[in-house]
Each structure stands twice: as structure tokens, then as C-alpha cells.
Amino acid sequence: MSGPFDLTGRVALVTGGASGIGVGICEMLTEAGAAVVIADRDEAGARKQIEAGVAADFVAVDLTDEASIVGACAEAVMRHGAPWLLVNNAGLQHRELLLDGTSAHWQRINDVNARAPFLMIREVAQAMIAKGNGGRIVNCASCGLVGQFVQGLAAYLASKGALAALTTSAAFELAEHGITVNTVLPGGVGTPGAIGAEGPPPVGPGNRTPPLGYCSPRDVGSAVLYFATPMARLVTNQVLAVDGGFTVT
Ligand SMILES: NC(=O)c1ccc[n+]([C@@H]2O[C@H](COP(=O)([O-])OP(=O)(O)OC[C@H]3O[C@@H](n4cnc5c(N)ncnc54)[C@H](O)[C@@H]3O)[C@@H](O)[C@H]2O)c1
């Protein structure tokens with residue numbers, strides 16, 4: 001591949017690339033020429049993507065564990081050099097009604113959805129800066145932040161709001177190193193994580209069919225790909241919703 005979306009020779013580290021939206025992101029990046037490294041706790045799922053040609057390598061990580069995150073990032077850098085791109089995609093979507101809310105649920109969701117991206121950014125950005133070639137970071141939040149929500153998402157939406165705010169802070173502190181940081185908001189996708197989410201029934205406006213239809217993992221991947229390209233060098237601290245037009249209804 002050549003042209004403005006060409007990522008040939010560039011390494012992309014994608015958390016949660018073994019399943020769902022992460023697979024679509026890996027597909028789009030691989031098709032653009034990137035060497036995609038999946039960081040996930042699901043080794044079997046990641047190996048399946050490598051066999052399918054969707055990714056080049058895998059590093060095991062438990063995103064609830066700081067030492068595991070530090071080790072996985074070091075492993076990826078040792079094998080492939082500093083990534084050009086980090087995609088913080090992995091996330092938990094379990095629900096719990098606000099009035100039944102527990103600290104344990106809040107902690108479980110926020111550890112993976114907000115704390116882990118913070119730690120991943122810290123580790124990967126250090127490697128990007130040491131390499132001195134700039135870089136790209138894309139955080140996957142949710143269209144729930146702009147109205148496509150259902151009941152039971154207090155902890156989830158708080159974690160995604162934190163992630164979106166982290167984008168702003170990271171974009172500010174990393175700009176001087178030529179590193180951009182942006183947020184993608186996926187709309188509802190029937191992934192294993194969404195279908196298998198625990199909790200009360202998903203009641204709310206998020207069930208409304210968007211006028212352009214539901215998005216697929218590859219639709220989210222194409223938004224990530226735009227932010228990942230060298231040509232998007234002046235685009236940072238932006239939020240791109242892939243919502244099928246939900247917000248105009
Ligand atoms: N599917 C949707 O409708 C939807 C909508 C909006 C936003 N999102 C967001 O998109 C992202 C991907 O969601 P998905 O639906 O593809 O989910 P998914 O559950 O299908 O895939 C998530 C991946 O993350 C990995 N993962 C989870 N916890 C981990 C941990 N502790 N350590 C290492 N890996 C871990 C899983 O193994 C899996 O491969 C999430 O951040 C989610 O919040 C999804």
C-alpha cells in the first residue's frame with residue numbers, strides 16, 4: 001500500500017486486539033501496512049488473529065495489573081522497537097444500576113477502562129520520546145458519552161469520561177514530542193464483550209437504531225486509522241464519534 005494512509009514499517013500496539021472492535025482496528029491497521037502487535041490477556045484469541053493475518057505479534061498483558069502493563073510494554077519495545085501507534089481499545093462493558101452501585105464494580109470497570117490506558121500511555125510514550133520520531137495515541141471511549149447510552153452505565157461512562165479527559169491532558173503534555181492523542185467514540189457493536197456484558201437489561205436510547213445503521217469493528221478501525229496516519233500530524237485532542245448518525249435523531 002502507498003499513499004496518505006500508508007503505515008508500512010510502523011509498529012502499532014493495540015490493547016484488546018483479540019476480540020470484537022479490536023479485531024477491526026487490527027485489520028485496518030494491517031491493511032495499511034502496519035506491523036500490529038496485540039496486547040491482550042486472551043492468548044488463544046490473539047493467536048487466531050495472527051494466523052488470519054490480522055496481526056503480526058502478541059504480548060500477554062493483564063490490564064488490571066501495573067507490573068504486567070509495564071512488562072508487556074517493555075516486551076513489545078524489545079521485540080519491535082518503540083511503537084508508532086498505541087491504541088487503548090480494551091474495555092469492560094458490564095452494567096450495574098446506579099442505586100445498586102458497588103465500589104467493587106466501579107473499581108473493576110475503571111481499572112481496565114481508565115487506569116490501564118493511563119499506564120499504557122506513560123510506558124509507550126516514554127519509548128516514543130526516546131526514539132524521537134513522534135507518534136500517535138488513540139483512545140477508544142464510547143458513544144455513550146454523547147447520548148447512545150442505556151441504564152447501568154454509571155461506572156462505565158465515568159471511566160470513558162476519564163479516558164476522554166486523559167486524552168486532553170496527554171495531548172497537551174506530549175505535543176512537544178510530536179505525539180498526537182485523540183479519542184474515538186464507537187457506537188453499539190454486537191461484539192462478544194457487548195453481548196456478554198453482565199448486569200441489568202440494557203434499557204435506554206442506546207437501543208434506537210442510528211439512521212445510517214449500526215457500526216462494525218472495521219468502521220471504528222477506519223476512524224483509528226485516520227488518526228494514526230502521518231498526515232494527521234496536526235490533529236490532536238479531537239473526538240470522533242462513529243455513531244451512524246445517532247446524534248442527529
Ligand atoms: N461493543 C460496543 O458496543 C462498544 C460501544 C462503545 C464502546 N466500546 C468500547 O470498545 C472497546 C472494545 O470493546 P469490544 O466490544 O470489542 O469488547 P470485547 O470484550 O469484545 O473485547 C475486549 C478485549 O479486551 C480484552 N481485555 C479485557 N480485559 C482485559 C484485561 N484485564 N487485560 C487484558 N486484556 C483485556 C479482552 O480479552 C478482549 O480481547 C471497549 O473499550 C469498549 O468499551 C464498545
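These are my notebook entries on one protein chain with its ligand, looked up in a predicted model.

**Entry 1: the chain as a whole**

I began with the secondary structure and found seven helices and seven strands in the protein chain. Read from the N terminus, the elements follow the order β-α-β-α-β-α-β-α-β-α-β-α-α-β. I then looked up the overall dimensions, and the C-alpha trace spans about 50 × 40 × 40 Å along its principal axes. The radius of gyration is 17 Å, which agrees with the value near 18 Å for a compact globule of 249 residues. For burial, I noted that 48% of the 249 residues count as buried. Among the contacts with a separation of 6 or more, 75% are made by residues 24 or more positions apart.

**Entry 2: the surroundings of the ligand**

Which residues are closest to the ligand? I found 30 residues around the ligand, and the closest of them are Gly16, Gly20, Gly91, Thr191 and Gly193. Sorted by class, this shell holds 13 nonpolar, 13 polar and four charged residues. I also checked which helices take part, and helix 1 (20–31) and helix 6 (192–195) each supply at least two residues of the shell.

**Entry 3: helix 1**

Since helix 1 contributes to the shell around the ligand, I looked at this helix separately. Helix 1 has twelve residues and covers 17 Å from its first C-alpha to its last, close to the 16 Å expected at 1.5 Å a residue. Is helix 1 largely enclosed or largely open? Eleven of its twelve residues are buried, so helix 1 is largely enclosed by the rest of the structure. The buried residues are Gly20, Ile21, Gly22, Val23, Gly24, Ile25, Cys26, Glu27, Met28, Leu29 and Thr30. Just after the helix, I noted a positive phi of about 105 degrees at Gly33.

**Entry 4: Ala90**

I next went to Ala90, which sits in the loop between strand 4 (85–88) and helix 4. Ala90 counts as buried because it has 28 C-beta neighbours inside 10 Å, where 20 or more are required. Beyond its neighbours within four places in sequence, Ala90 is in contact with Thr15, Gly16, Gly22, Asp40, Leu63, Val112 and Ala116. Two of these names I had already met, Gly16 as one of the residues closest to the ligand and Gly22 as a buried residue of helix 1. Gly17 is 73 residues away from Ala90 in sequence, while their C-alpha atoms are 7.5 Å apart in space.

**Entry 5: helix 4 and Met128**

Helix 4 (residues 103–131) has 29 residues and reaches 40 Å between its first and last C-alpha, close to the 42 Å expected at 1.5 Å a residue. Where is the kink in helix 4 centred? The kink, of about 45 degrees, is centred on Asp111. After the helix comes Gly132, with a positive phi near 80 degrees.

Within helix 4 I picked out Met128, which counts as buried because 24 C-beta neighbours lie inside 10 Å. Setting aside neighbours within four places in sequence, I found Met128 in contact with Ala82, Gly135, His177 and Ile179. The C-alpha atom of Met128 is separated by 6.6 Å from that of Pro83, although the two residues are 45 residues apart along the chain.

**Entry 6: Gly196**

Gly196 is in the loop between helix 6 and helix 7. Is Gly196 buried or exposed? Gly196 is exposed, because its count of other C-beta atoms within 10 Å is 9, and 12 or fewer meets the cut-off. The C-alpha atoms of Gly196 and His94 are 8.3 Å apart, with their positions 102 residues apart in sequence.

**Entry 7: Asn237 and Gly244**

Asn237 lies in the loop between helix 7 (217–228) and strand 7 (239–242). Its phi is near 60 degrees, a positive value in a residue other than glycine. Most residues other than glycine have a negative phi. Asn237 is partly exposed, with 16 other C-beta atoms within 10 Å.

Gly244 belongs to the segment after strand 7 and is buried, with 20 other C-beta atoms within 10 Å. Apart from neighbours within four places in sequence, Gly244 is in contact with Gly187, Pro210, Pro211, Leu212, Gly213, Tyr214 and Cys215. As a last look-up, I noted that Gly244 and Glu176, 68 residues apart in sequence, are 34 Å apart in space, C-alpha to C-alpha.

Notes
Residues numbered from 1 in each chain as written. Predicted model: local features only at pLDDT ≥ 70, side-chain atom pairs only at ≥ 80, totals over all residues. Helix = DSSP H or I, 4+ residues; strand = E, 2+ residues; numbered from the N terminus. Expected span 1.5 Å × (residues − 1). Bend = angle between axes of the 7 residues up to and from the residue. Near = placed C-beta within 6 Å. Nonpolar A, V, L, I, M, F, W, Y, C, P; charged D, E, K, R; others polar. Contact = placed C-beta atoms within 7 Å. Rg over C-alpha atoms; globule rule 2.2 N^0.38 Å.
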